[in-house]
Each structure stands twice: as C-alpha cells, then as structure tokens.
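Welcome! Have a look at the sequence and the model below, and then let us walk through them together, one question at a time.

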Amino acid sequence: MSRRIAVVLGRGGHTAQTFALVDLLGPQFEYLYLIGALDRLTPRKVRIPGRTLPVLPPRLLPQDSKIMAVIRTLVTLMLSFIYFILFRPAVVISCGTGLTVPIFYTARVLGIKTVFVESMSRVTEMSMTGRILLGKTNLFVVQWPQLAAKTPGAIYGGQLL
C-alpha cells in the first residue's frame, strides 16, 4: 500500500512551488490535492495524478465580507476533517498558500503530520500564513538562508524553483 500525501494547492507561485515539491517526491505516493472550489486552472496543471478534493478559500471574491471569510474557513475545517477521516493521509504539505491554515489545524487535531514550506518570495520576512503556523507544524522549511537565520524553529531547505 502506498502512503498518502495531502497537498494544499493555492494559486500562482505557491502552486508552482508545490508542484516542484511533488515532482521531487515522485509518483511512489498517492496524492490528495486540496484545491479551492472555484479554481478551474490548477487541477489541469497536476502532473502526478491524484484525487482532487475541493475546499473553500477564506477569501473567494475581493468584495467578500469578514463574516463570509469566517464561514468559509469553518466549511474548509469541516471538509478537511471529513477528507482526512476518509482518506487518512500520512502527511499534509503546503508551500505557503493562505488556504493552508484551517487545513493544517484539522491535520493537527487528527494527529496527521504537517510540512509547511514558506513561499520562495519570502526572503527576509515570513508570510502571514507562516507567522500563524510557525511552531504548529511538524516541519517548517524556508527557502532562503537569511530567513532561516532569523526564524527559530525553521530550517533552510534550499529553493524549490
């Protein structure tokens, strides 16, 4: 039986970095891709096949209210809980998208290991997602030595792209 890895995919640069990480891990794993419900482009970019599971990003539309962001976050918490109970991934990985926070909290509650890779665009300062998740993941990786030097608990892992 292959081990399952849940992969949180955002948009843009986060997705490119995450696909580079999945390419490094290779096809010997079974992948679960958690993707924003309205994102039609990212599923088409998946290079190593896996099950695609929709979640709701906290901010779906620029004009969304804070109340809708809270509701969507709660829905994503519930969906990721159901997905993780059903599919039992061994680890959840992400390369920095804001969608990661509720999904990692669900994984933490269920005892599933998490690996967060800070976005390559963060050279000297962490992202909001990184600041929230630092100390709450099993492995916290940054892509620049300058950021690793000033971030206790983070390790420098080199650049994905």
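Q: In which helix does isoleucine 82 lie?
A: A word on the model before we start: it is predicted, so local features need pLDDT of at least 70 and side-chain atom pairs count only at pLDDT 80 or more, while totals for chains, interfaces and linings use all residues. Residues are numbered from 1 along each chain as its sequence is written, and side-chain values use heavy atoms, leaving out hydrogens and water. Helices (H or I, at least four residues) and strands (E, at least two) are DSSP runs, numbered from the N terminus. On that numbering, isoleucine 82 belongs to helix 3.

Q: Is isoleucine 82 buried, partly exposed or exposed?
A: Buried means under 20% relative accessible area, exposed means over 50%, and partly exposed is in between (1.4 Å probe, protein chains only). Isoleucine 82 has 38% relative accessibility, so it counts as partly exposed.

Q: Which helix gives the most residues to the nonpolar patch?
A: Patches are made of residues with over 30% relative accessible area and no salt bridge; like charges are joined within 9 Å, and nonpolar side chains (Val, Leu, Ile, Met, Phe, Trp, Tyr) within 5 Å. Met78, Phe81, Ile82, Ile85, Leu86 and Val109 form such a patch on the surface, with about 580 Å² of accessible area together (Shrake-Rupley method, 1.4 Å probe, only the protein chains shown counting as cover for residues). With 5 residues, the main contributor is helix 3.

Q: In what order do the strands of the open sheet stand?
A: Two strands pair if DSSP finds at least two bridges between them. The open sheet has 7 strands with parallel pairing. Its edge strands, each pairing on one side only, are strand 3 (50–55) and strand 7 (155–156). The order is 3-2-1-4-5-6-7.

Q: Which residue of strand 4 stands opposite alanine 6?
A: Strand 1 (residues 4–9) and strand 4 (residues 91–94) run parallel and are joined by 4 bridges. Opposite alanine 6, in strand 4, stands valine 92.

Q: What angle does the direction of helix 4 make with that of strand 4?
A: Axes are lines fitted to C-alpha atoms, for helices over the stretch in contact, and angles run from 0 to 180 degrees between N-to-C directions. Helix 4 packs on the sheet and touches strand 1, strand 2, strand 3, strand 4 and strand 5. Its direction and that of strand 4 make an angle of about 165°.

Q: How many of the 10 residues of helix 4 are buried?
A: The buried residues of helix 4 are Thr100, Val101, Pro102, Ile103, Phe104, Thr106 and Ala107. Helix 4 (residues 100–109) is therefore largely enclosed by the rest of the structure. The number of buried residues is 7.

Q: What is the relative accessible area of threonine 114?
A: Threonine 114 has its place in strand 5 (residues 113–117). Contact means heavy atoms within 4.5 Å. Leaving aside neighbours within four places in sequence, threonine 114 is in contact with residues including Val91, Val92, Phe104 and Ala107. Threonine 114 is buried, with a relative accessible area of 2%.

Q: Is valine 22 buried or exposed?
A: Valine 22 is found in helix 1 (residues 13–25). Leaving aside neighbours within four places in sequence, valine 22 is in contact with Val7, Tyr31, Tyr33, Ile48 and Ile93. At 2% relative accessibility, valine 22 counts as buried.

Q: How far apart in sequence are the parts tied together by arginine 4 and glutamate 30?
A: A salt bridge is a side-chain nitrogen of Lys or Arg within 4 Å of a carboxyl oxygen of Asp or Glu. The side chains of arginine 4 and glutamate 30 meet in one (3.0 Å, N to O). Because arginine 4 lies in strand 1 and glutamate 30 in strand 2, the pair ties together parts whose separation in sequence is 26 residues.

Q: Which helix holds aspartate 23, the partner of arginine 47?
A: The side chains of arginine 47 and aspartate 23 meet in a salt bridge (2.7 Å, N to O). This pair links distant parts of the chain, 24 residues apart: arginine 47 is in the loop between helix 2 (42–45) and strand 3, and aspartate 23 is in helix 1.

Q: How many salt bridges does the structure hold?
A: One of them joins the side chains of lysine 150 and glutamate 125 (3.0 Å, N to O). Lysine 150 is partly exposed at 47% relative accessibility. For the structure, the number of salt bridges is 3.
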